[in-house]
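Work through the exercises below with the structure in view. Try each task before reading its solution.

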Amino acid sequence: MAADKQNDAKVSSLDENKNKSPDGGIGLEILQIIKESQQQHGLRHGDYQRYRGYCSRRLRRLRKTLGFKMGNRHKFVGKKITVEMISDSRYLLLVLMEAERAWSYAMQLKQEANTEPRKRFHLMARLRKAAKHSEKLEKLCESPRVDAKTKLEAQAYTAYLTGMVEFELQEWKLAMEAFNKCKTIYEKLASAFTEELAVLYRQRVDEISPNIRYCAYNIGDQNAINDLMQMRLTGGGGGMMAEKLEALITQARTKQAATMSEVEWRGRSVPVKIDKARVFLLGLADNEAAIAQTANEETKEHLYETLLAECRDTIQAVREELKSEAKQRERSSDGDSGKVSNLQFLHSYLTYIKLCTLVKRNESMAHTLQAKLKEPEADEDKRGPRPQDLIRLYDIILQSLAELSTLQGLEDDHTFQKEVSLKTLVYKAYRCFFIAQSYVLVKKWSEALVLYERVLKYAMEVQSKAKSLNNSLKDLPDVQELIAEVNAEKYSLQAAAILDTEETAEVPAKQQVKDNTPLCNRLETFRLDPGLVGKQPNLVQFPPDFQPIPCKPLFFDLALNHVAFPPLDDKVEQKGKGGLTGYIKGIFGFGS
């Protein structure tokens, strides 16, 4: 809520400062406002429900600010904004938010309609509602108080929403006319205003162009399919058009697949009877060409994922047929158990395509990471790519190559096995190279040097085996380039290792004298002791040595042995002579 109010404050200042023409007319940056609101409130991640909630909250705040309430909590009183009331651009913004709220609800229902077809009726109702609000906005902008730019933007916005309604109704001609009108207005606005606004207008034109070509294709323009394919490569046709474009391509391939009966691979012709496999194999060359032409890494990754998903679905369909074929073989008495069937060979071919696509995708990602790895880090706080990331990618590539060598029907194909082993050696060399680089980062010079030697060994082995398989090296990374890079890295590593040892060797010998004296006993003397940063630093002596301490004194009566006491015989005799009388006197004290 607080963020919403801050954004409203920004837009209000935009309305007051920027949305006035030089002649003082009321203005509203319609496209800029809706684009900023959409990006900040959910549409960056395709969350239309969040954006719809934002539009509702903003409408409530606008009505409260303008004092344009629809009754109270007990009763609804409908009000309409008239041309006479247009004294503030926020009245136009109110109608714009109503249209955006209805449009966002329609797009939310469109996402849900994939699993609940009944919601399509509600979707069309909300789209019509959005178009109705946009028409109302266009009529309000016809007021002489509103500047010319806002009038043109309102007309383009109305044409866009009208085209969306007709597009969903599959009224291709009407939709194309509406989209062309919208495109024309935005192109004129882009050429008349500043570069900042022109970028927004051109983005809207790029969004509309796939819809126009799709309408043209459905009207009968067969050349439009090529334009749609090019738009797909450049990342156009996102959102609502993406699904329709994929469906159109699949439909076109299905028509062509009727003429496809077999495919040839590794010198063997295999009949293709499964329709899904026909459609996939027919579009394989187009998909590979599209990936090769794409320069954008994000689009290329999307195309790779699409191709892999189609390949997995096709393999699953062939696997289901294999299960039924296996059951039929079990029932029949005569079966060639040693020979690979055509369906099994087709399964191997599709698996080969999937694994090769995985290798190419991971290799493309590895090239991108290598380029980023060589770039200097612009932001030290942000974590950049590391050699460990590339090691993981080459691990996946080697795993895919290991699966390639075990495909059924190719065990006796020695040429194929040699090609796979050659590719394995190449990627092992690259994997070993980046392992060595990871050791260089932690200054383990000897380990890194040994790994660089291993890379050279792999590279030399590849060069010796590649003489008989020249065609197999076309799609592989350049091994000669890797050898040159390894040699350069070896020299850099040796220099870094020498410098690292010299830093400690150049310290005065007096400071390097090894002494078993603990650190606590030589705090006054500076000495470079590498052992202090090791696992067992000599800080204090433990256990400590015994030290003499004063004990509590003991007193002995040594003079007692040399003292002669006087005789007491006379006193003893007196006690003996007294008898009973002396005893009684002693008790009562008379004898003292």
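The exercises go from the whole protein to single residues.

This is a predicted model, in which local features need pLDDT of at least 70 and side-chain atom pairs count only at pLDDT 80 or more, while totals for chains, interfaces and linings use all residues. Residues are numbered from 1 along each chain as its sequence is written, and side-chain values use heavy atoms, with hydrogens and water left out.

**Exercise 1. Confidence**

Task: State the mean pLDDT of the protein, and find which helix has the lowest mean pLDDT and which the highest.

Solution:
- Step 1. pLDDT is the predictor's confidence in each residue, from 0 to 100.
- Step 2. Its mean over the protein is 80, and 79% of the residues reach 70 or more.
- Step 3. Among the elements, helix α1 (residues 2–17) has the lowest mean, 51, and helix α5 (residues 119–140) has the highest, 93. Helices here are DSSP runs of H or I with at least four residues, and strands are runs of E with at least two, numbered from the N terminus.
- Step 4. Over residues 11–19, pLDDT stays under 50.

**Exercise 2. Helix α6**

Task: Compare the span of α6 with the expected span, and decide whether the helix is largely enclosed or not.

Solution:
- Step 1. The expected span is 1.5 Å times one less than the number of residues.
- Step 2. Helix α6 (residues 148–168) has 21 residues, for which 30 Å is expected.
- Step 3. From first C-alpha to last, α6 reaches 31 Å, close to that value.
- Step 4. Buried means under 20% relative accessible area, exposed over 50%, and partly exposed in between (1.4 Å probe, protein chains only).
- Step 5. In α6, 16 of the 21 residues are buried, so the helix is largely enclosed by the rest of the structure.
- Step 6. After α6 comes Q170, which has a positive phi near 65°.

**Exercise 3. Two histidines**

Task: Classify H347 and H367 as buried, partly exposed or exposed.

Solution:
- Step 1. H347 is in helix α13 (residues 342–374), and H367 also has its place in α13.
- Step 2. The relative accessible area of H347 is 14%, so H347 is buried.
- Step 3. Leaving aside neighbours within four places in sequence, H347 is in contact (heavy atoms within 4.5 Å) with I315, V318, R319 and L322.
- Step 4. For H367 the relative accessible area is 43%, so H367 is partly exposed.
- Step 5. H367 and L390 are 23 residues apart along the chain, and their C-alpha atoms are separated by 9.1 Å.
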